[in-house]
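Here is a look at one model, with an eye on its hollows and its charged pairs. Have the viewer open as you read.

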Amino acid sequence: GRVNRAYRSAVDGTAQPSHLSIPASYDPAKPTPLYVYLHGRSHDTPDLGLTWVGGNDGNAAAATQGELGARPAAGAAGNGRANGGGGPNYIRVEAFGRGNNSFRWSGETDVLEVIASVSKRYNIDPNRIILAGFSMGGAGSWQIGLHNSDMFCGLEIDAGVIGNRLNLVDAAAAPAGARNSPPRPAGEPEGVRLTSAQRAANVTYGILIDHALNVYNTPLVGYAGANDAQLASSTSIRQQLGREGYTIERTSQYVFTGKDINALFLANPGQGHSHATGETARIINEFTAANIARGRVVPDHIRFITYTTRYNRDYWVTVDGLEQHFARASIDAERDAAKASYTIKTSNVARLLLTDAAKARKISIDGDALTVNPAASLLLVRKGDHWQTANPAARTGLRKQHDLQGPINDAFFDAFLCVAPTGRPNNAVADAHGKQELDRFAKMFARDYCGEARTKDDTAVTADDIANNRSAA
């Protein structure tokens, strides 16, 4: 049936809730698929309680999206979800995401922590996890799905915004063709000069169209009503996949089907901003059910895009360092069936870690031929214009790397501590302003992330505080 659970977040130690739907057929001895659903924006202030699903998520029409769609209305029992339980063969979890923040920063961490929490308490099949969402939850699904596509066996994204920063453009980019300055992200027009912080946030969390290539190995179904402005988002992803060289054919008036990539794009005729119904819902559900049945498959050919070492892994490749941060970095890596011979092309990558390399013998990377000794992981480092192997254990040092790369927004993915000053200030006005900002931040974090901005006086901060909090502000 339908149950409510919570876990304590590593971000701030607060209890964060989730809804779970457990099918009657659940057997703890058998690995079970997990359907992760991200809710739309609540029109009321979220209360950390059990009524956060807003917009069209909670109405009776939502039930028509079918077994794999949004939850049925209260008391409804349909499509194998009698008594509000999960589907006949999967567990469904609705992540709170800490409120109306589009599942970003601590909101994104919530989704990942929910998956970990459910996986700890139930026998979840890690190769059969679906990420889905509607409206604001669709925006969160684009964000999390395109950055972490190798976590999921499929993405089901309904009416979600893909980017809303088209007015901010990096006019300070180096000339086209410069090795350290790949082309500007798809969708960015010529325009206003960005600051470094704006550029970093824009290419990482703003316009995600350029990240479309990351669904190369992850099945995707994108949907919106034909009269919904959000249809432009899934259309942008479809068009970008076309620019990347994939063929997506129009198989009917409202359906586009990938020919050489497992992607499906649909619109519901005459429908606005709401869940799919009728034939459209049936197509979506069949597509998602097939992805659950197939499960996550580790590929021998990877194509991957990133702008930051925050999001740096795709199956057996990890971008351990960039030549220029917040510029487009790409990897096209292919290995033979024996996993012995690798052919890799990169752009804007300075360090590359290969895992699952226990059979690796030969690597061709950007024209350099390397003979390697098989190992669980292999580190390749670019020196000047050429690549060489390095010791994977020597991945330390003060440099931009995963979880230590900025921008400052990234501090709020993980545990952080606010430090209040107690000493005598050199400038009373600056001191007062700083304290006002600290108070304002604490109130905003509680409002926007339903959490607690833990604060200590500077004289009370300990070595453990520094070790256990990724950042201090």
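What follows goes through the pockets and the cavity, then the salt bridges, then one helix and one lysine.

A few ground rules first. This is a predicted model, so to speak of local features a pLDDT of at least 70 is needed and side-chain atom pairs count only at pLDDT 80 or more, while totals for chains, interfaces and linings use all residues. Residues are numbered from 1 along each chain as its sequence is written, and side-chain values use heavy atoms, with hydrogens and water left out.

**Pockets and cavity**

Both kinds of space come from a 1 Å grid over the protein atoms alone: a cavity is a set of points where a 1.4 Å probe fits but cannot get out, and a pocket is an open set with protein on both sides within 12 Å along at least five of seven lines. A residue counts as lining if it has an atom within 4 Å of a point. Grid points are joined across faces, edges and corners, and a volume is the space filled by probe spheres set on the points.

The largest pocket holds about 350 Å³ of space. Its lining has 16 residues, and Leu 112, Asn 148, Arg 310, His 402 and Asp 403 lie nearest the centre. The lining splits into 4 nonpolar, 6 polar and 6 charged residues. For that split, Ala, Val, Leu, Ile, Met, Phe, Trp, Tyr, Cys and Pro are nonpolar, Asp, Glu, Lys and Arg are charged, and the others, Gly among them, are polar. Helix H1 gives the most to this lining, with 3 residues. Helices (H or I, at least four residues) and strands (E, at least two) are DSSP runs, numbered from the N terminus.

The second largest pocket comes to about 280 Å³. Among the residues lining it are Trp 105, Phe 412, Phe 441, Met 444, Phe 445 and Tyr 449. Its lining divides into 6 nonpolar, 1 polar and 3 charged residues.

How many cavities of 30 Å³ or more does the structure hold? There is 1, and the volume of the largest cavity is about 30 Å³. Arg 5, Ser 18, Leu 20, Ser 117, Val 118, Arg 121 and Tyr 122 line it. Strand S2 (15-21) and helix H1 (106-121) are the elements that give two or more residues to that lining, and H1 has the largest share, 3 residues.

**Salt bridges**

A salt bridge here is a side-chain nitrogen of Lys or Arg within 4 Å of a carboxyl oxygen of Asp or Glu. Searching the whole structure turns up 27 of them. Here are three.

| Acid | Base | N to O distance |
|---|---|---|
| Asp 410 | Arg 310 | 3.6 Å |
| Asp 356 | Lys 339 | 3.4 Å |
| Asp 431 | Lys 435 | 3.3 Å |

Asp 410 and Arg 310 bridge distant parts of the chain, 100 residues apart: Asp 410 sits in the loop between strands S20 (386-390) and S21 (416-420), Arg 310 in the loop between strands S11 (301-306) and S12 (313-314). Are these two buried or exposed? Buried means under 20% relative accessible area, exposed over 50%, and partly exposed in between (1.4 Å probe, protein chains only). Asp 410 counts as buried because its relative accessibility is 5%, and Arg 310 is buried at 10%.

The bridge between Asp 356 and Lys 339 ties together parts 17 residues apart in sequence, because Asp 356 lies in the loop between strands S16 (349-355) and S17 (362-365) and Lys 339 in the loop between strands S14 (329-335) and S15. Asp 356 is partly exposed at 36%, and Lys 339 is also partly exposed, at 27%.

Asp 431 and Lys 435 both belong to helix H6 (residues 428-449), 4 residues apart, about one turn of the helix. An α-helix has 3.6 residues a turn, so residues three or four places apart point the same way. Asp 431 is buried at 19%, whereas Lys 435 is partly exposed at 42%.

There is also a salt-bridge network that links Asp 210, Glu 244, Arg 303, Arg 328 and Asp 332.

**A helix and a lysine**

Helix H3 (residues 196-206) is mostly covered, with 8 of its 11 residues buried. These buried residues pack against helix H2 (136-147).

Lys 345 lies in strand S15 (residues 341-347) and counts as exposed, because its relative accessibility is 58%. Leaving out neighbours within four places in sequence, Lys 345 is in contact (heavy atoms within 4.5 Å) with Ser 330, Ile 331, Asp 332 and Asp 366. The C-alpha atoms of Lys 345 and Arg 303 are separated by 9.6 Å, with their positions 42 residues apart along the chain.
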